[in-house]
Amino acid sequence: MPADVAPTFVREAVDKIDRYLRGEPISLHSIRLDLSFAPPFHRKVYEAMRRMRRGSTISYGELAREVGSPHAARAIGQAMARNRIPIVVPCHRVLTSTQKLGGFTAPGGLEAKQKLLRMEGLDLPALS
């Protein structure tokens with residue numbers, strides 16, 4: 001479908017993501033998403049992630065507590081690994097309890113995660 005035929009909300013989403021990737025301090029929270037592909041627990045995690053502000057981070061354990069499952073840090077990791085919409089569902093903001101990068105299954109791996117966090121104003125230790 002040509003870009004000029006795409007629905008307005010799709011064109012607006014593409015524009016916001018493009019601006020975000022160019023480094024503009026823009027929120028992607030208002031982008032409409034259909035999360036029906038995800039199991040209920042994953043949707044809950046994704047929705048919590050989308051509420052996070054740019055430049056902020058959370059640990060797997062903290063996120064588990066936030067969604068009401070305090071012992072589910074590993075399940076949080078599984079939800080992040082199955083996230084089909086990285087950046088819009090900002091799984092790059094989830095760190096280990098010791099503030100290390102942890103994992104990142106999106107294209108580019110940990111280097112991409114670190115780049116996204118730096119773009120948001122966070123300077124984490126160099127990758128080993």
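**Close-up views of the model**

**View 1. R22 is exposed, with a relative accessible area of 53%.** Like everything shown in these views, R22 is drawn here from a predicted model. The side chain of R22 meets that of D18 in a salt bridge, with 3.0 Å from N to O. D18 itself belongs to helix α1 and counts as partly exposed, because its relative accessibility is 37%. Where exposed begins at over 50%, R22 passes the cut-off, whereas D18 falls in the range between buried and exposed. For a sense of distance along the chain, compare D18 with A6: 12 residues separate them in sequence, and their C-alpha atoms are 16 Å apart in space.

**View 2. R19 and D15 form a salt bridge in helix α1.** The closest N and O atoms of this pair are 3.6 Å apart. How far apart are R19 and D15 in helix α1? They are four residues apart, so about one helical turn separates them. R19 is partly exposed at 28% relative accessibility, and D15 is partly exposed too, at 37%.

**View 3. A network of salt bridges takes in D15, D18, R19, R22 and E24.** Step back a little from the two previous views and the pairs can be seen together: R19 with D15, and R22 with D18, both belonging to the linked group that also includes E24. In the whole structure, the search finds six salt bridges.

**View 4. D123 and R118 are joined by a salt bridge.** Here the side chains come to 3.1 Å, N to O. Is D123 buried or exposed? D123 is exposed, since its relative accessible area is 64%. Its partner R118 is partly exposed, with a value of 42%.

**View 5. F9, V10 and V14 make a nonpolar patch on the surface.** Together, these three residues offer about 230 Å² of accessible area. V10 has its place in helix α1, which spans residues 8-21. At 31% relative accessibility, V10 counts as partly exposed. Patch members need over 30%, so V10 meets that cut-off with its 31%.

**View 6. I87 and Q99 each have a positive phi.** Most residues other than glycine have a negative phi, so positive values invite a second look. For I87, phi is near 80°, and the residue is found in the loop between α4 (73-81) and β2 (94-95). For Q99, phi is near 65°. Which loop holds Q99? Q99 lies in the one between β2 and α5 (109-119). Q99 is partly exposed, as its relative accessible area is 38%.

**View 7. The second largest pocket holds about 160 Å³ of space.** Its lining is made of 15 residues, and those closest to the centre are S27, L28, H29, M52 and R93. Which helix gives the most to the lining of this pocket? Helix α2, covering residues 40-51, does so with three residues. Sorted by class, the lining of the second largest pocket has eight nonpolar residues, five charged and two polar.

Notes: Residues are numbered from 1 along each chain as its sequence is written. This is a predicted model: local features need pLDDT of at least 70, side-chain atom pairs count only at pLDDT 80 or more; totals for chains, interfaces and linings use all residues. Side-chain values use heavy atoms; hydrogens and water are left out. On a 1 Å grid over the protein atoms alone, a cavity is a set of points where a 1.4 Å probe fits but cannot get out, and a pocket is an open set with protein on both sides within 12 Å along at least five of seven lines; lining residues have an atom within 4 Å of a point. Grid points are joined across faces, edges and corners, and a volume is the space filled by probe spheres set on the points. Helices (H or I, at least four residues) and strands (E, at least two) are DSSP runs, numbered from the N terminus. Ala, Val, Leu, Ile, Met, Phe, Trp, Tyr, Cys and Pro count as nonpolar, Asp, Glu, Lys and Arg as charged, and the others, Gly among them, as polar. Patches are made of residues with over 30% relative accessible area and no salt bridge: like charges are joined within 9 Å, nonpolar side chains (Val, Leu, Ile, Met, Phe, Trp, Tyr) within 5 Å. Accessible areas come from the Shrake-Rupley method with a 1.4 Å probe; for residues, only the protein chains shown count as cover. A salt bridge is a side-chain nitrogen of Lys or Arg within 4 Å of a carboxyl oxygen of Asp or Glu. Buried means under 20% relative accessible area, exposed over 50%, partly exposed in between (1.4 Å probe, protein chains only).
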